[in-house]
Amino acid sequence: MHPGAWWLWALGLGTAATRTTNPLLLALLIAASAYVVATHRSSAPWSRSYTAFARLALAVILVRVLFAVALGSPIPGTHTLLTLPEVPLPHWAQGIRLGGRVTAEAVVFAAYDGLKLATLLICVGAANALASPSRLLKSLPGALYETGVAVVVALTFAPHLIADVQRLRAARRLRGRPDRGVRGLLQVGLPVLEGALERSVALAAAMEARGYGRTADVPAPVRRTTAALTLGGLLGVCAGTYGLLTAEGGVYGLPLLLAGVVAALAGLRLGGRRSLRTRYRPDPWDLRAWLVTGSGVAVAALLTLASAHDPGALHPGVVPLVPPTLPLWPAAAVLLALLPAFAVPQPVPREHS
């Protein structure tokens with residue numbers, strides 16, 4: 001499977017998550033991504049990052065609720081849960097409070113808002129667990145190669161760090177030493193930091209040995225044309241997006257957006273001449289990649305359409321406080337995210353001798 005297809009699928013689910021605060025739909029998105037990850041992730045170290053993203057998502061929800069309890073919320077409410085001691089603040093801090101009355105409406109609104117961000121993080125974690133970073137870097141256009149290297153190094157930092165922590169904790173348990181609590185964290189943290197520094201030095205040496213940063217000589221007219229196409233394409237994308245978001249720009253928005261995308265792609269194509277690199281056994285973009293990408297795009301498009309057609313179902317109210325309901329056809333649209341679980345063959349586990 002092409003790694004870009006997994007990322008486009010996950011970004012589609014993340015876009016769908018931004019269009020709703022319904023906890024039932026968000027839970028359905030999380031369940032769909034978790035099922036696909038459980039059936040199709042490999043045994044590579046970077047595939048273990050999904051659990052870390054899930055824990056981070058849970059922490060985001062808790063922090064969002066705690067901030068709403070401690071700092072107050074602009075959401076009015078009548079169902080008081082508890083009343084905390086309120087700290088008086090100076091005049092310039094109007095609109096902020098510490099403590100005071102905590103209502104059920106404010107807590108529920110904070111939980112909905114935190115769950116939306118948590119779902120977005122879990123979708124990014126699904127892409128990290130399914131797509132190989134090195135293969136993703138190999139698939140980038142030549143003009144984005146250096147940027148792609150930096151992004152891939154940043155994305156692989158967390159999975160390698162988690163693998164080092166798990167390895168060191170297992171070694172400490174085998175030696176009968178504590179691996180939990182503050183003491184265990186301090187004694188594990190220094191070897192993890194040392195391993196990260198050694199890995200960064202080895203990576204820098206490998207990049208230098210492979211000629212990273214070397215560019216080819218390109219004529220000045222080609223460079224100027226590349227810059228003009230790229231800059232003009234980005235401006236066209238921005239102007240077209242603004243036109244689509246405003247009522248007055250509906251006529252010129254879509255043509256400007258398409259023209260900007262075409263100009264930016266042409267600029268990237270010309271800019272790839274500066275990169276002296278070849279691709280060994282490139283990943284093909286086959287029918288399965290189109291199916292995976294299409295399922296994510298379909299979920300995003302249908303949830304966007306549903307949010308415009310029936311915003312009340314996708315954004316349940318908290319004033320008055322009512323239980324959320326599961327809208328049928330948006331829920332059926334979310335189930336399209338399960339298509340990769342059936343369209344893509346499961347990875348074959350490697351046998352260790």
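**Entry 1: T293**

I began with T293, which I found in helix 10. The model I am reading is a predicted one. Is T293 buried or exposed? T293 counts as buried because its relative accessibility is 9%, and buried means under 20%. I then listed what T293 touches, leaving out residues up to four places away in sequence: A5, L8 and W285.

**Entry 2: the surface patch**

Two of those names, L8 and W285, came up again when I turned to the surface, where they belong to a nonpolar patch. The other members I noted are L11, L287, W290, L291 and L339. Together the patch residues have about 680 Å² of accessible area.

Which helices each supply at least two residues of the patch? I found helix 1, residues 3-18, and helix 10, residues 287-309. Helix 10 gives the largest share, three residues.

I looked up L339 separately and placed it in helix 13, which covers residues 339-343. L339 counts as partly exposed, because its relative accessibility is 34% and the partly exposed class lies between 20% and 50%.

**Entry 3: the cores**

Next I went inside. In soluble globular proteins, nonpolar side chains tend to be buried together. The largest nonpolar core here has 39 residues. Which of them touch the most other members? I wrote down W6, W9, L13, L29, V299 and L303. The elements giving two or more residues to this core are helix 1, helix 2 (23-40), helix 3 (49-71), helix 4 (104-130), helix 10, helix 11 (311-314) and helix 12 (328-334). Helix 1 and helix 10 are thus on my list for the core as well as for the patch.

I picked V299 for a closer look. Not counting residues up to four places away in sequence, V299 touches L13, A16, L29, A333, V334, L336 and A337. Of these, L13 and L29 were already on my list of core residues that touch the most other members.

Another core lies apart from the largest one. This other core has five residues, and I noted A68, V102, V107 and A110 among them.

**Entry 4: the whole chain**

Last, I took the totals. The protein chain has 13 helices and two strands. How much of the chain is buried? Buried residues make up 34% of its 353 residues. The accessible surface comes to about 21,000 Å², and carbon and sulfur atoms hold 68% of that surface. I also checked contacts between residues at least 6 apart in sequence: 77% of them join residues at least 24 apart.

Definitions and conventions
Residues are numbered from 1 along each chain as its sequence is written. This is a predicted model: local features need pLDDT of at least 70, side-chain atom pairs count only at pLDDT 80 or more; totals for chains, interfaces and linings use all residues. Side-chain values use heavy atoms; hydrogens and water are left out. Patches are made of residues with over 30% relative accessible area and no salt bridge: like charges are joined within 9 Å, nonpolar side chains (Val, Leu, Ile, Met, Phe, Trp, Tyr) within 5 Å. Accessible areas come from the Shrake-Rupley method with a 1.4 Å probe; for residues, only the protein chains shown count as cover. A salt bridge is a side-chain nitrogen of Lys or Arg within 4 Å of a carboxyl oxygen of Asp or Glu. Helices (H or I, at least four residues) and strands (E, at least two) are DSSP runs, numbered from the N terminus. Buried means under 20% relative accessible area, exposed over 50%, partly exposed in between (1.4 Å probe, protein chains only). Contact means heavy atoms within 4.5 Å. A nonpolar core is a set of buried Ala, Val, Leu, Ile, Met, Phe, Trp, Tyr and Cys residues joined through side-chain atoms within 4.5 Å.
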